[in-house]
Amino acid sequence: MERRQFLASSLAVSALAAAKPGAYAEAAEESAQGKGREFYQLRRYHINSGPQRKLCDDFFRDALLPALSRLKVGPVGVFDLTIGPETPSIYVLMPSLSAEMLATVETYLAHDAEYNKAGTAFLNPPAKEPAFDRMESSFLQAFEKWPRLVLPSATASRGQRIFEMRTYEGPTDQDHKRKVEMMQSGEADIFTKAGAEQVFYADTLIGTRLPNLTYMLAFASLADRDKSWAAFRASDEWKALSSQPRYAFETIVSNITNLILTPTAYSQI
């Protein structure tokens with residue numbers, strides 16, 4: 001979906017949601033049928049240590065995740081930023097096959113009585129005691145060759161796991177597209193051989209510092225993460241791929257943001 005088409009579609013459906021939320025939900029559900037690639041809304045909540053932590057956990061666990069489940073949005077990941085800038089922060093990853101659903105999710109949540117009741121402390125705090133400082137949001141579309149989010153094996157058993165979320169910025173649109181192509185032309189396979197579990201790969205449609213892509217890997221521990229990365233970098237396949245003239249003629253990634261995330265006890269990922 002092109003950015004202009006996406007924006008036009010989102011605005012049109014937003015108007016429908018505001019006027020007839022019931023009809024919108026039905027239309028969004030129908031629109032999801034037959035679409036192979038997921039969309040993701042990725043939120044970052046900046047918080048202060050103390051009361052905001054409990055407000056956020058209570059809200060995400062008891063209000064937001066159940067409401068998103070009713071909208072068939074999920075599995076939803078809620079993660080603490082363990083290593084990275086501006087801690088404490090909480091990341092929320094919401095996947096759906098429907099771009100319209102994610103683009104207008106707040107409009108639909110506003111009409112959910114259970115959500116508003118369960119989340120009232122978070123949604124209606126006094127100005128001097130906000131539930132969070134600021135929230136940033138970006139909108140992404142899954143790669144064509146990695147169309148759906150894949151849960152790591154430890155999720156089902158609630159086992160120990162950490163996540164690495166990396167964002168690659170391209171200096172130009174051309175370079176960004178080549179990096180997306182490169183990741184779909186063998187780089188993901190090298191991660192698998194190196195022992196990294198891959199959760200999602202996505203192109204950012206709306207957000208800051210465009211153009212960029214974001215992907216997420218899962219590991220049992222930081223030690224396993226270091227071991228996998230060492231195997232990846234030492235791989236003959238990686239050396240051959242990264243030295244191809246199509247990808248090595250100039251720097252195709254101008255900046256990397258690397259975050260280590262820990263799932264909350266109630267995270268669905």
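Accessible areas here come from the Shrake-Rupley method with a 1.4 Å probe. For the chain, the accessible surface comes to about 13000 Å², and carbon and sulfur atoms hold 54% of that area. The model is predicted.

**Overall character and confidence**

The chain has 269 residues, of which 46% are buried. It contains eleven helices and eight strands. Among contacts with a separation of 6 or more, 81% are between residues 24 or more positions apart. The average pLDDT is 90, and 87% of the residues score at least 70. Residues 4–34 have a pLDDT below 50, and this stretch has 33 contacts in the model beyond near neighbours in sequence. Where pLDDT is low, the predicted coordinates should not be read in detail.

**The barrel**

Eight strands form a closed barrel with antiparallel pairing, in the order β1-β3-β2-β8-β5-β7-β6-β4. From one strand to the next, the twist averages 35°.

Strand β1 is mostly covered, with eight of its eight residues buried. F39, Q41, R43 and Y45 point one way from the strand, while Y40, L42, R44 and H46 point the other way. β1 runs antiparallel to β3, to which eight bridges join it; Y45 has I90 in β3 as its bridge partner. β1 also pairs with β4 (residues 134–142) in the antiparallel sense, over eight bridges. In that pairing, L140 in β4 is the bridge partner of Y40.

Elsewhere in the barrel, β5 (residues 162–169) and β8 (residues 255–263) are antiparallel and share seven bridges. Here E164 stands opposite I260 in β8. Helix α8 (residues 173–193) packs on the sheet and touches β5, β6 (197–206) and β7 (212–219). The direction of α8 makes about 10° with that of β7. Another helix, α3 (residues 51–70), lies across β1 (39–46), β2 (77–83) and β3 (89–96). Helix α3 runs at about 5° to β3.

**Salt bridges**

Side chains of opposite charge can pair when their charged atoms come close. With a nitrogen-to-oxygen cut-off of 4 Å, the count comes to 16 salt bridges. The table gives three of these pairs.

| Arg residue | Acidic residue | Closest N and O atoms |
|---|---|---|
| R61 | D58 | 2.8 Å |
| R166 | E164 | 3.0 Å |
| R209 | E169 | 2.8 Å |

R61 and D58 both lie in helix α3, three residues apart, which is about one turn of the helix. R61 is partly exposed, with a relative accessible area of 35%, and D58 is also partly exposed, at 23%.

In the pair of R166 and E164, R166 counts as buried at 8% relative accessibility. E164 is buried as well, at 0%.

The third pair joins E169 in strand β5 to R209 in the loop between β6 and β7, so it ties together parts that are 40 residues apart in sequence. E169 is buried, with a relative accessible area of 8%, whereas R209 is exposed at 55%.

Salt bridges with shared partners also join K54, D58, R61 and D62 into one network.

Methods: Residues are numbered from 1 along each chain as its sequence is written. This is a predicted model: local features need pLDDT of at least 70, side-chain atom pairs count only at pLDDT 80 or more; totals for chains, interfaces and linings use all residues. Side-chain values use heavy atoms; hydrogens and water are left out. Helices (H or I, at least four residues) and strands (E, at least two) are DSSP runs, numbered from the N terminus. Buried means under 20% relative accessible area, exposed over 50%, partly exposed in between (1.4 Å probe, protein chains only). Contact means heavy atoms within 4.5 Å. pLDDT is the predictor's confidence in each residue, from 0 to 100. Two strands pair if DSSP finds at least two bridges between them. Axes are lines fitted to C-alpha atoms, for helices over the stretch in contact, and angles run from 0 to 180 degrees between N-to-C directions. A salt bridge is a side-chain nitrogen of Lys or Arg within 4 Å of a carboxyl oxygen of Asp or Glu.
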